[in-house]
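Work through the exercises below with the structure open. Try each task before reading its solution.

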Amino acid sequence: MIRPVFDTNTLVLKVPEIKASNQNIKLFPNPTSGICTLDLTDSADITQYYVIVRNVLGQELIRSKAMKVLDLTALSDGMYYISLSDTKDQVKTVKVIIRH
């Protein structure tokens, strides 16, 4: 029988939990080959946001001003998180799968 051992001196790193905040973001097509369209359903102006692309490890790969068309062709196949952040630090996140 294997029993887990917990050590209180062990440092545990984790990626912050991403809240289900994608109810007003549309990203299509998904899966994508690299070029996708970003649309906000709550009639907000997309130019007031920054787009942040992270891999599944939480590493930031792209940060730029948000635009309606997103070019992800430089990224390899896999799953990524697209976050939109505004000036009030409100974050909206959606998953995207890239297949070339």
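Three exercises follow, on a predicted model.

**Exercise 1. The core**

Task: Find which residues of the largest nonpolar core touch the most other members.

Solution:
- Start with the core's 19 residues.
- Rank by contacts with other members: Leu27, Leu70, Leu72, Ile82 and Leu84 touch the most.
- Next, trace the elements. Strands S1 (25-28), S2 (35-40), S3 (50-55), S6 (78-85) and S7 (91-98) each give two or more residues to this core.
- Zoom in on leucine 72. Setting aside residues up to four places away in sequence, leucine 72 touches Gly34, Cys36, Val53, Ile62, Ile82, Val96 and Ile98.

**Exercise 2. The open sheet**

Task: Determine the strand order of the open sheet of three strands, and state why S1 and S5 each have one side without a neighbour.

Solution:
- The order is S1-S2-S5, and the pairing is antiparallel.
- S1 and S5 (69-71) are the edge strands. Each has a single partner strand, so one side of each lacks a neighbour in the sheet.
- From one strand to the next, the twist averages 25 degrees.
- Now inspect one pair. S2 and S5 are joined antiparallel over three bridges. Threonine 37 stands opposite valine 69 in S5.

**Exercise 3. Asparagine 55**

Task: Decide whether asparagine 55 is buried or exposed, then list its side-chain polar contacts.

Solution:
- Locate asparagine 55 in strand S3.
- Its relative accessibility is 13%. The cut-off for buried is under 20%, so asparagine 55 counts as buried.
- The asparagine 55 side chain reaches the backbone nitrogen of leucine 57 at 3.1 Å.
- A second partner is glutamine 59: the two side chains make a polar contact of 2.6 Å.
- Beyond four places in sequence, asparagine 55 touches Leu61, Met79, Tyr80 and Tyr81.

Definitions and conventions:
Residues are numbered from 1 along each chain as its sequence is written. This is a predicted model: local features need pLDDT of at least 70, side-chain atom pairs count only at pLDDT 80 or more; totals for chains, interfaces and linings use all residues. Side-chain values use heavy atoms; hydrogens and water are left out. A nonpolar core is a set of buried Ala, Val, Leu, Ile, Met, Phe, Trp, Tyr and Cys residues joined through side-chain atoms within 4.5 Å. Buried means under 20% relative accessible area, exposed over 50%, partly exposed in between (1.4 Å probe, protein chains only). Helices (H or I, at least four residues) and strands (E, at least two) are DSSP runs, numbered from the N terminus. Contact means heavy atoms within 4.5 Å. Two strands pair if DSSP finds at least two bridges between them. Axes are lines fitted to C-alpha atoms, for helices over the stretch in contact, and angles run from 0 to 180 degrees between N-to-C directions. A polar contact is a pair of N or O atoms within 3.5 Å; within protein, one must be able to donate a hydrogen and the other to accept it, and residues adjacent in sequence count only if both atoms are side-chain atoms.
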